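Subject: Structure handover

Hello,

Here is the structure I said I would pass on. Please look through it first, then read the notes below.

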Amino acid sequence: MKDTTKSAKTNGHTILHGIDNVLHNYKVSFDGKLIRPRGLVNNGNMCFMNAILQPLAHISPFYALVKEISKNVAHSFKSKTPLIDSLVMFVNEFQEGPDVETKGTIEYEDAFVPEYVYDALRGLKRFNSMRGRQEDAEEFLGFLLDGLHEEFMSILPKIEELQDDSDQLNHDSTNVTEGASEWMEVGPRNRTSITRATEVMETPIKKIFGGQVRSILRCPGSKDSVTLEPFQALQLDIAPDEVHTIEDALLNVTKLDLIDGFTTSQGIQVEATRQTLIETLPPVLILHLKRFEYDSVGGIQKVHKHIEYPIDLKVAPEIVSPSKGVSKPISYKLLGGRVFKI
């Protein structure tokens with residue numbers, strides 16, 4: 001993808017074009033076109049990658065984003081954004097519109113090998129640790145989305161540089177840097193807490209897949225310590241005996257954990273508790289079922305356990321932070337082992 005940073009001044013304001021305009025004005029929308037099913041050929045040990053690429057193409061906000069980029073950017077094999085480039089080529093392999101039906105049977109496009117995506121990945125160091133096994137699919141998805149996030153980050157600061165001085169003064173700095181902040185928060189019943197947040201630059205990847213969890217540490221005689229942390233895939237422990245469904249696993253995330261022997265800043269040992277709640281849910285929710293656990297006798301073992309999951313998932317309001325005022329379940333619909341909000 002060639003750097004197509006272009007701008008013009010109108011009444012003192014910057015007008016952006018090309019990918020800059022796409023990223024700066026991107027909004028998540030599920031109003032997208034259907035694409036015809038098309039298979040991916042599993043060459044060698046690439047099946048775990050294909051298992052992720054296939055559903056990604058059918059997530060309408062992601063597909064629409066990449067298609068919009070493809071309309072505004074010229075392709076380049078010597079690009080500084082190889083992942084974006086390769087995914088532009090990938091989504092362009094799919095045809096839009098209803099399935100073609102001939103003599104009562106549906107004709108599908110021929111399966112293909114997205115070799116250019118593999119090539120783009122091989123050029124990045126973060127993928128060197130991939131072993132190429134089935135259980136690497138979730139790790140691969142994380143690497144892929146993180147890589148796309150970083151490539152978008154490399155473009156967005158250039159967009160900010162094009163804004164006039166007044167825009168710069170009014171712009172929220174959390175959108176252009178990543179770091180941390182701290183403040184005092186007043187919660188229910190006037191209970192105060194010291195709240196810390198990890199701030200993440202808002203790229204289209206974070207807008208589509210990024211959520212946030214609230215971790216609350218309570219110990220006698222001290223203010224609550226609250227940490228807000230971003231997540232891209234919500235990790236679900238399915239090992240507990242009471243977990244039989246996705247809903248059970250989500251409730252298990254919020255269980256109150258006792259921390260024995262917790263030492264305060266004054267050097268006093270107290271019994272503290274920690275609880276995790278959902279602060280914000282993303283438009284596209286990625287759930288990772290942790291099917292491996294450590295056994296002191298047998299080492300790392302796979303959890304061979306049946307977990308039920310519905311096509312329509314209702315996220316219970318009690319797992320969401322009370323500060324959000326959620327009173328009704330939040331609905332998601334299953335897509336290729338991943339779920340997205342409706």
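Asp224 is buried, because its relative accessible area is 4%; buried means under 20% relative accessible area, exposed over 50% and partly exposed in between, with a 1.4 Å probe and protein chains only. Its partner Arg218 is partly exposed, with a relative accessible area of 29%. The side chains of Asp224 and Arg218 meet in a salt bridge at 2.9 Å, N to O. A salt bridge here is a side-chain nitrogen of Lys or Arg within 4 Å of a carboxyl oxygen of Asp or Glu.

A word on the source: this is a predicted model, in which local features need pLDDT of at least 70 and side-chain atom pairs count only at pLDDT 80 or more, while totals for chains, interfaces and linings use all residues. Residues are numbered from 1 along each chain as its sequence is written, and side-chain values use heavy atoms, with hydrogens and water left out.

Salt bridges

By the rule above, the count comes to 6 salt bridges. Another of them joins the side chains of Arg38 and Glu93 (3.4 Å, N to O). This pair links distant parts of the chain, 55 residues apart: Arg38 is in strand S3 (residues 38-40), and Glu93 is in the loop between H4 and strand S4 (100-102). Helices (H or I, at least four residues) and strands (E, at least two) are DSSP runs, numbered from the N terminus. Arg38 has a relative accessible area of 15%, so Arg38 is buried. Glu93 is partly exposed because its relative accessible area is 24%.

A salt bridge is also found between the side chains of Lys324 and Glu279 (3.6 Å, N to O). Here too the pair links distant parts of the chain, with Lys324 in the loop between strand S18 (312-315) and strand S19 (330-335), Glu279 in strand S13 (residues 269-280), and the two positions 45 residues apart in the count. Lys324 counts as partly exposed at 40% relative accessibility, and Glu279 counts as buried at 6%. Arg214 joins these two residues in a network of salt bridges.

A buried lysine

Which side chain of opposite charge is nearest to Lys67? It is Glu96, 4.4 Å away, and Lys67 is buried yet has no salt bridge. For charge, Lys and Arg count as positive and Asp and Glu as negative, while His and the chain ends are not counted. Lys67 lies in helix H3 (residues 60-72). Leaving aside neighbours within four places in sequence, Lys67 is in contact with Val91, Asn92 and Glu96, where contact means heavy atoms within 4.5 Å.

Aromatic rings

The structure holds 5 aromatic pairs. Rings of Phe, Tyr and Trp (its six-membered ring) pair if their centres lie within 6.5 Å; planes under 30 degrees apart count as stacked, over 60 as edge-to-face and the rest as tilted. Why is the pair of Phe48 and Phe140 edge-to-face? Their ring centres are 5.9 Å apart and their planes stand at 80 degrees, so the pair falls in that class. This pair links distant parts of the chain, with Phe48 in helix H2 (residues 47-57) and Phe140 in helix H6 (residues 137-161), 92 residues apart. Phe48 counts as buried at 4% relative accessibility, and Phe140 counts as buried at 0%. Elsewhere, Phe90, Phe94 and Phe112 form one aromatic cluster.

Two covered helices and a hairpin

H2 is mostly covered, with 8 of its 11 residues buried. Among the buried residues of H2 are Phe48, Met49, Ile52 and Leu53. Helix H4 (residues 82-91) is mostly covered as well, with 8 of its 10 residues buried. The buried residues of H4 include Asp85, Ser86, Phe90 and Val91.

Strand S16 (residues 292-295) and strand S17 (residues 299-302) pair in the antiparallel sense over 4 bridges; two strands pair if DSSP finds at least two bridges between them. S16 and S17 form a hairpin with 3 residues between them. In this pairing, Asp295 stands opposite Gly299 in S17.

The chain as a whole

The protein chain has 9 helices and 20 strands. Buried residues make up 41% of its 342 residues. Of the contacts in the protein chain with a separation of 6 or more, 63% come from residues 24 or more positions apart.

Regards
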